[in-house]
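Notebook open, structure loaded. I want to go through one sheet strand by strand and then check a bit of surface.

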Amino acid sequence: MVKVQLNDVEKRYGPTVALAPTNLSVTEGEFLTLLGPSGSGKTTLLNIVSGMTEPTGGEVWIDGVDVTNVPSAKRGLGMVFQSYALMPHMTIFQNIAFPLQIRGLPREEIRRKVEDVLELVQLPHVAGRKPKELSGGQQQRIALARCIVYDPSIILMDEPLGALDKKLREQMQLEIKRLQVQLGITMLYVTHDQEEAMTMSDRIILMNNGSAEQIGTPNELYFQPNSSFVADFIGQSNLLDATVAGEDRVRLVNGEIITVRHDAPLSHGQSVKVLLRPEVLHLREIDAGGNRLDATIRGSVISGSTVKHFLELDGGTSVLVEELSNGTNAAPAPGDRVTISWSVGQARVLPA
Amino acid sequence: MTQRRFKTAYFVIPAVVFMIAVYALPLAGVALQSVTDADGGSWSLAGYRDIFSSTLFYKVAWSTFTISLLSTTVSLSLAFPLAYFLSKQRPKVRAVLMIFVLVPFWTSVLVKAFAFTILLGQSGIINDALAFFGLGPLPLLFNKAGVIVGMSHFLIPFMVFPILTSLMAQPPELRRAASIMGAGRLRIFFRITLPLCLPGIMTGTLLVLILSLGFFVVPALLGGRQDMMLSNLVDFYTRETLNWQAASTLAVILFSFAMIVAYTLARVPGGSSLLGGQDR
């Protein structure tokens, strides 16, 4: 069932386009993430759904009702803010009870629901405290609990983990995901952190310059990016300039010819980009009819589970190779000549 | 940490010396004068005995109290909507409007008090306008009404600023969050905006109440004989009867009164910020 449907919504400020006409549907129980750099229009899109920004065109449907002209308060949504937006003068209990009081629930039912949801977010002992007495992660969980408690048709989250440190952020990602799956929450989530988006989402909308660059599962965005922007934004990537030199073949700027995989038909002489993920590259020659390129090591760093090698292809293009570290592979020294190779089908052609 | 905090203490030395010289020492002198006999010789509580047995004192203290309370109430009820309105404006518009709030400070209280006699008098602008519609005249001058008008006019900015500050300090997400949860405007106002604004209201109320306790020019010029306030009585003792002991005693009583008001308000919910506490 479709929970949220956007039909050609757009937002302009005079001649400036904050959001180009966008279509989108969020199905029940789906975790959909709006991902993109700042200024890409992801927050604008979220605010249009929440009703805090009025679109200059298009329609917003929630639960089968056109809510384009319905104020925030009557859209039946939940929202978690980066700043948590917990009421500082209320206790945690009062904060969570607030949306239930708005809905006129009896006192006893409110008490029971608040206790249940505090149990759910594993903070049953903080009911009597004020928000400032809790840590950032705890406040974030309370902010989520305050949404869950009144069962809104969709929960919007605007960079909810932006203020937390890395470790806690990763913990919270799993925690939010657990609750979302367990309760079947429909979630529209905004973040600029691609790892976060990959970890949590069922589908990701990658936004760029006010429009959706690609919509797909994390897998699709990573392995089948349809533009170099997507390839560059999601994960690490080597994007090599090349020209089409025949069916399945492209010529790199240094003259080497490699075999590639592509979806769209290529025309001879067309300029393209070749995507090579750092982890598909090997610092040795492998079989399987692999392509190979000669390069010079410029440096290597170990970042725990992986080793990153910074290489320079003959001709001057920089390439990153990432391998699993096993403690035994002798680190090549800067200046060493190496041959890199990859299985055919791992190199993907994107429009330049 | 503590040491570092006090490292810059010498920056306050000039201000402290100044305040000791022109405020603390004279005040101590006044306090001393109130507990010595008229010749300045031996200790004596005669001053207090005389004051507390004079019916004039009780009448004047009562009118001081009621006038202060009334003008504080009037200032609060006019200043809160004003501050609320200002808090909703764009910064540039607010800066311009703020100038109008500050206008009362541009003229001395004395000049304004005279100006009010023209506005409020029997044949003043207001009563002339009322007469044009066949109404009035209203007695607006040389009574409580005149005093309240004159005092509130001076006091409103002192109420507006702390309230405005605490309204603006509220993160807008709080209201947005409440709105998305389904709260209407009235509920947002009474459950969020107003409670979070209490420290500002308390600060403003305290400031205005204490300022009004010591008012002198306005009741002297715009009030009637019934509207004498404690400061006017101090003035009466020093200039008319040259009774310095009574004047000093009254001053000490007024001072203590103000301290009690400040302490009481600071104990009210939302008022602890007055004493540096964190209520929020």
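I started with β15 (residues 291-302) and β16 (residues 306-313) of chain A, which pair in the antiparallel sense over seven bridges. Everything here comes from a predicted model. For a register check I picked A:S300, and its bridge partner in β16(A) is A:H309. The hairpin of β15(A) and β16(A) has three residues between the strands, and I noted that A:G304 there takes a positive phi near 85 degrees.

Next I went to the other side of the pairing list for β16(A). Seven bridges join β16(A) to β17(A), and the two run antiparallel. Here I found A:T306 opposite A:L324 of β17(A). This hairpin has four residues between the strands, with A:G315 at a positive phi near 115 degrees.

How much of β16(A) is buried? Six of its eight residues are, so I logged the strand as mostly covered.

Then I looked up the whole sheet. It is open, with four strands of chain A in the order β17-β16-β15-β18 and antiparallel pairing. The edge strands are β17 (318-324) and β18 (337-342) of chain A, each pairing on one side only. I got an average twist of 50 degrees from one strand to the next.

Last entry: chain B. A nonpolar surface patch there consists of B:Y10, B:F11, B:V12, B:I13, B:V16, B:V17, B:I20 and B:L25, with about 810 Å² of accessible area together. I looked at B:L25 separately and placed it in helix α2 (residues 13-34) of chain B. Is B:L25 buried or exposed? Its relative accessible area is 54%, so I put B:L25 down as exposed, the cut-off being over 50%.

Methods:
Residues are numbered from 1 along each chain as its sequence is written. Chains are lettered from A and ligands numbered from 1 in the order in which they are written. This is a predicted model: local features need pLDDT of at least 70, side-chain atom pairs count only at pLDDT 80 or more; totals for chains, interfaces and linings use all residues. Side-chain values use heavy atoms; hydrogens and water are left out. Patches are made of residues with over 30% relative accessible area and no salt bridge: like charges are joined within 9 Å, nonpolar side chains (Val, Leu, Ile, Met, Phe, Trp, Tyr) within 5 Å. Accessible areas come from the Shrake-Rupley method with a 1.4 Å probe; for residues, only the protein chains shown count as cover. A salt bridge is a side-chain nitrogen of Lys or Arg within 4 Å of a carboxyl oxygen of Asp or Glu. Buried means under 20% relative accessible area, exposed over 50%, partly exposed in between (1.4 Å probe, protein chains only). Two strands pair if DSSP finds at least two bridges between them. Axes are lines fitted to C-alpha atoms, for helices over the stretch in contact, and angles run from 0 to 180 degrees between N-to-C directions.
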